[in-house]
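User: Could you take a close look at one part of this model for me? I'd like a single helix and what sits around it, told in one go.

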Amino acid sequence: MQSDPENTAEAAADENGAKRPGNLFALEICFLAFIAIVTVAAFLEALTYKLVSSRTPFVIMVPLLILIAIHARRLWGVRAGFDPRARIAEALGGHTVSFNKVMGISAWMVGMVLMILVLGHYAGVFLFCAILMRILAGESWMLTLLVAAGTTLFIFGVFEFIFDIGLYRGLIIRYFLGFRDF
């Protein structure tokens, strides 16, 4: 039994005045598309494996692809009440506050990954903490350096001494050690 999209679309509005179910519907479409693309890419990659190695991915991905198709059909059937194109265009245009927040934190996370790639885990985490605390939070230099150093030392102690795992040191150190990664 399908719910009436018109009645569900009249639920509580968010801070932008947009109806929440429509935003969730658009998000659901985007998420389903992302999962479908990743699954199809993994499925195509599994086709290059030997038969013995490809059994497990196929056993997992074939039912997942079937479930994606069933869910996409369900979403297609109720799309008229939500206008997902307008919602997605509105979000990509920067008019949805919550989407802007998610994109902002995602950009910071990509920046952290790049810092870790170039500088290594310890220097990357230290620099990331320092940048966030000083620029975003506006904290004093003393507190910024204490928290960044404490966080980095804690991570170093846990991974190096307790878990006995050496974290990635970064491209710069690898370059000076003689590796020519770039």
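What follows is a walk around helix 6 and its surroundings.

Analyst: Sure. Keep in mind that this is a predicted model. Helix 6 covers residues 121–136, so to speak a run of 16 residues by the DSSP assignment. From first C-alpha to last, helix 6 reaches 21 Å, close to the 22 Å expected at 1.5 Å a residue. Just past its end, Gly-138 takes a positive phi of about 70°.

Now for what helix 6 hides. Its buried residues are Tyr-122, Gly-124, Val-125, Phe-128, Cys-129, Ala-130 and Met-133. The cover over these buried residues includes helix 5 (97–119) and helix 7 (141–162).

Helix 7 holds Glu-160, and Tyr-122 is among the residues that Glu-160 touches. Setting aside residues up to four places away in sequence, the other contacts of Glu-160 are Ile-165, Gly-166, Leu-167 and Arg-169. With Arg-169 there is a polar contact, side chain to side chain, at 3.3 Å. Glu-160 counts as buried because its relative accessibility is 17%, and the cut-off is under 20%.

Helix 5, the other neighbour named above, also shows up on the surface. A nonpolar patch of about 790 Å² is made by Val-110, Leu-114, Leu-117, Val-118, Leu-119, Leu-127, Ile-172, Tyr-175 and Phe-176. Helix 5 gives the most to this patch, five residues, and Val-110 is a residue of that helix. Helix 8 (171–176) joins helix 5 in supplying at least two residues each.

Conventions: Residues numbered from 1 in each chain as written. Predicted model: local features only at pLDDT ≥ 70, side-chain atom pairs only at ≥ 80, totals over all residues. Heavy atoms only, no water. Helix = DSSP H or I, 4+ residues; strand = E, 2+ residues; numbered from the N terminus. Expected span 1.5 Å × (residues − 1). Buried < 20%, exposed > 50% of the residue type's maximum accessible area, 1.4 Å probe, protein only. Contact = heavy atoms within 4.5 Å. Polar contact = N/O pair within 3.5 Å; in protein donor to acceptor, adjacent residues only side chain to side chain. Patch = residues over 30% accessible without salt bridge, like charges linked within 9 Å, V, L, I, M, F, W, Y side chains within 5 Å. Areas by Shrake-Rupley, 256 points an atom, 1.4 Å probe, with all protein chains shown as cover. Salt bridge = Lys/Arg side-chain N within 4 Å of Asp/Glu carboxyl O.
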